[in-house]
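This report describes the fold, the cores, the pockets and the local backbone features of one protein chain. The sequence and the model are shown first.

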Amino acid sequence: MNHFGKNILQCAALFFTSAGIAQSAANYEPSSIVPPKITREFRGAWIATVANIDWPSKPGLSTAQQKAELIFLLNRAQQLKLNAVIFQVRPACDAFYDSKIEPWSEYLTGVMGKAPEPFYDPLAFAIQEAHKRGLELHAWFNPYRALHKSHEGKVSQNHISKTRPELVRRFGQYLWLDPGEREVQEYSLSVVMDVVKRYDIDGIQFDDYFYLSAEDAGVRNQDFPDDRSWKKYGEGGRLSRDDWRRENVNGFVERVYRSIKASKPWVKFGISPFGIWRPGNPPQIKGSDATIKYFADSKKWLVNGWVDYLAPQLYWPINQTEQSFPVLLDWWADQNPKGRSLWPGLSVANAGKWKSDEIPNQIRLTRKQTGASGYILYDMKTLLLNSPLCAGLEHSLNSDVALVPASSWLGNSPPGKPNFSVTVSAGSLKAAWSSASTNSVRWWVLQTKSFNDWKMEVFPAEVTSKVFNASPDVVALTAVDRVGNASAPSVIQTKRKRPPSQRILLKKY
């Protein structure tokens, strides 16, 4: 090789070396860039365990199989850009968690009272795995159902029908706790509060079953068998029997709400009632009267602020005049003087009978409805079997990740701007962060910009760093507390300087 060729190679080597030094020396500096506004919307799905509707697929699976099935559901929820699951933990005075009050569920192990083998706690596992994926977990309770019609085998000796039979009523195909018994309310409240105190849940939810109707019990011309508790109240009392039943439920709902707030104020309490409060409200609406069928005065709970969110089951299509989805949604939004969250339940289970765009259109209408800020899909298994809807959620309807709306009435002091630092080493960028205030952080929101595209990720509180294979142009970090309040973002951007050696080489050659 001649002298000129050697010089060319030496210069080329020096150029690429100096360019590499410039890249590795790239640093970040504080920035005044304002990241995109964080999308806020509750995007939930119910995971029903009663009769193995959603999970586990059948009773008696091994611990490994149960965990794998649950992780699959949570992974899909994350892929669809949902941000919450409502996990049924007490279908019928039984437990999908380690309880000293009630027996292990037969839907878990196949035998009521039998613990999983090898042992694990499904609720604790579900919470941990949900949070890893940026999902809230709300524990779903049935407060009064004591035994479901799908029950098989023996009833465990520590089931309430054995330990406190005087509180349990047989009604058609079910065993049911009598809401008129004070001891029943104390018992169910103790079950709920046991979970609130021992588990890191984000919410507690009841569905639409309070008193059991004859229709649901599978009987005709029969009334709920609560003669004993009605006589205790006194047939000459100031309330009619129907009003007395409603007040039994009202009083329990209020007690649950106040008890949760006294223990962990940030744990949300929600109810998903039947979607029609009373026929004629609004005028065109026809159907069952929930205040008589279930003795559930859900409007009263919302008006009095005894819930943090209401998820009325609006399981009808848009154009079904007598139960129109948007008409009912608008009505519910008008019954909310305290501004609680309104997240309608949408029936994926019915979607097979409707046009393919029905559920997407219901989501779009919910987003346009003043006073509504999310939705919940029933149910997870049916959702995942609906490939077109899943594709629409993942790629179109939920085009970006969303954060659950803040519950400002539970506290409105946001965390301080987080401490944030980055280091560049061996061609990769590591971002690390920590809280700058005493406010308890539930989530970190990391927003990055590369080539004019912004990306958002949500991490649980215990995650305090991330390694990037490629260095983004802008990085923003926001701390979010347990009720959804967000800090001001800490923002940094790249600061690149060409070293003198590189400028000289470029000029010379």
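Two residues are in contact when heavy atoms of the one lie within 4.5 Å of heavy atoms of the other. The model discussed here is a predicted one.

## Packing around F206 and the nonpolar cores

Leaving aside its neighbours within four places in sequence, F206 touches F141, P143, V192, F252, V256, F269, G270, I271 and S272. This residue also belongs to the largest nonpolar core, which has 112 residues. F206 is among the members with the most contacts inside that core, together with F141, I201, I204, F269 and L383. The element that gives the most to the core is helix α6 (residues 182-198), which supplies eight residues. A second core, separate from this one, has 14 residues, including L429, F459, F468 and V475.

## Overall organisation

The chain has 16 helices and 20 strands. Its C-alpha trace spans about 110 × 55 × 45 Å along the principal axes. Of the 509 residues in the chain, 54% are buried. Among contacts with a separation of 6 or more, 73% are between residues 24 or more positions apart.

## Two helices and their surroundings

Helix α15 (residues 387-397) has the buried residues L389, C390, L393 and L397. Seen down the axis of α15, these buried residues fall within an arc of 115°, so they line one face of the helix. The face of α15 turned away from its buried side carries S387, P388 and H395, which are exposed. On the buried side, the residues of α15 pack against α2 (63-79), α13 (358-368), β13 (374-378) and α14 (380-385).

In helix α12 (residues 325-334), the buried residues are F325, L328, L329, W331, W332 and A333. They are covered by elements that include α11 (298-304), β10 (309-310), β11 (341-342), β12 (345-347) and α13. Helix α13 thus appears in both settings: it is one of the elements against which the buried residues of α15 pack, and it is among those that cover the buried residues of α12.

## Pockets

The two pockets listed below are the largest and the second largest in the model.

| Pocket | Volume | Lining by class |
|---|---|---|
| Largest | about 520 Å³ | 14 nonpolar, seven polar, five charged residues |
| Second largest | about 310 Å³ | 11 nonpolar, four polar, 10 charged residues |

The largest pocket is lined by 26 residues, of which D208, Y209, Q313, Y315 and Y378 are the closest to its centre. The second largest pocket is lined by 25 residues, and those closest to its centre are R133, G134, V401, A402 and V458. Three strands give two or more residues to the lining of this second largest pocket, namely β16 (441-450), β17 (453-460) and β19 (474-481). Strand β17 makes the largest contribution to that lining, with three residues.

## Local backbone features

Most residues other than glycine have a negative phi, and most peptide bonds are trans. The exceptions described here concern two peptide bonds and two residues with positive phi.

The peptide bond that joins W55 and P56 is cis, with omega about -20°. P56 is placed in the loop between β2 (42-47) and α2. Another cis peptide bond runs from E117 to P118, with omega near -10°. P118 lies in the loop between α3 (106-109) and α4 (122-132).

A51 is not a glycine, yet its phi is positive, at about 55°. Like P56, which is in the loop between β2 and α2, A51 is found in that loop. C93, also not a glycine, has a positive phi of about 50°. This cysteine is located in the loop between β3 (84-90) and α3.

Are A51 and C93 buried or exposed, and what are their relative accessible areas? A51 has a relative accessible area of 35% and is partly exposed, whereas C93 has a relative accessible area of 0% and is buried. The classification rests on a cut-off: a residue is buried under 20% relative accessible area, exposed over 50%, and partly exposed in between.

Key
Residues are numbered from 1 along each chain as its sequence is written. This is a predicted model: local features need pLDDT of at least 70, side-chain atom pairs count only at pLDDT 80 or more; totals for chains, interfaces and linings use all residues. Side-chain values use heavy atoms; hydrogens and water are left out. A nonpolar core is a set of buried Ala, Val, Leu, Ile, Met, Phe, Trp, Tyr and Cys residues joined through side-chain atoms within 4.5 Å. Buried means under 20% relative accessible area, exposed over 50%, partly exposed in between (1.4 Å probe, protein chains only). Helices (H or I, at least four residues) and strands (E, at least two) are DSSP runs, numbered from the N terminus. On a 1 Å grid over the protein atoms alone, a cavity is a set of points where a 1.4 Å probe fits but cannot get out, and a pocket is an open set with protein on both sides within 12 Å along at least five of seven lines; lining residues have an atom within 4 Å of a point. Grid points are joined across faces, edges and corners, and a volume is the space filled by probe spheres set on the points. Ala, Val, Leu, Ile, Met, Phe, Trp, Tyr, Cys and Pro count as nonpolar, Asp, Glu, Lys and Arg as charged, and the others, Gly among them, as polar. The arc is that of the directions from the helix axis to the C-beta atoms.
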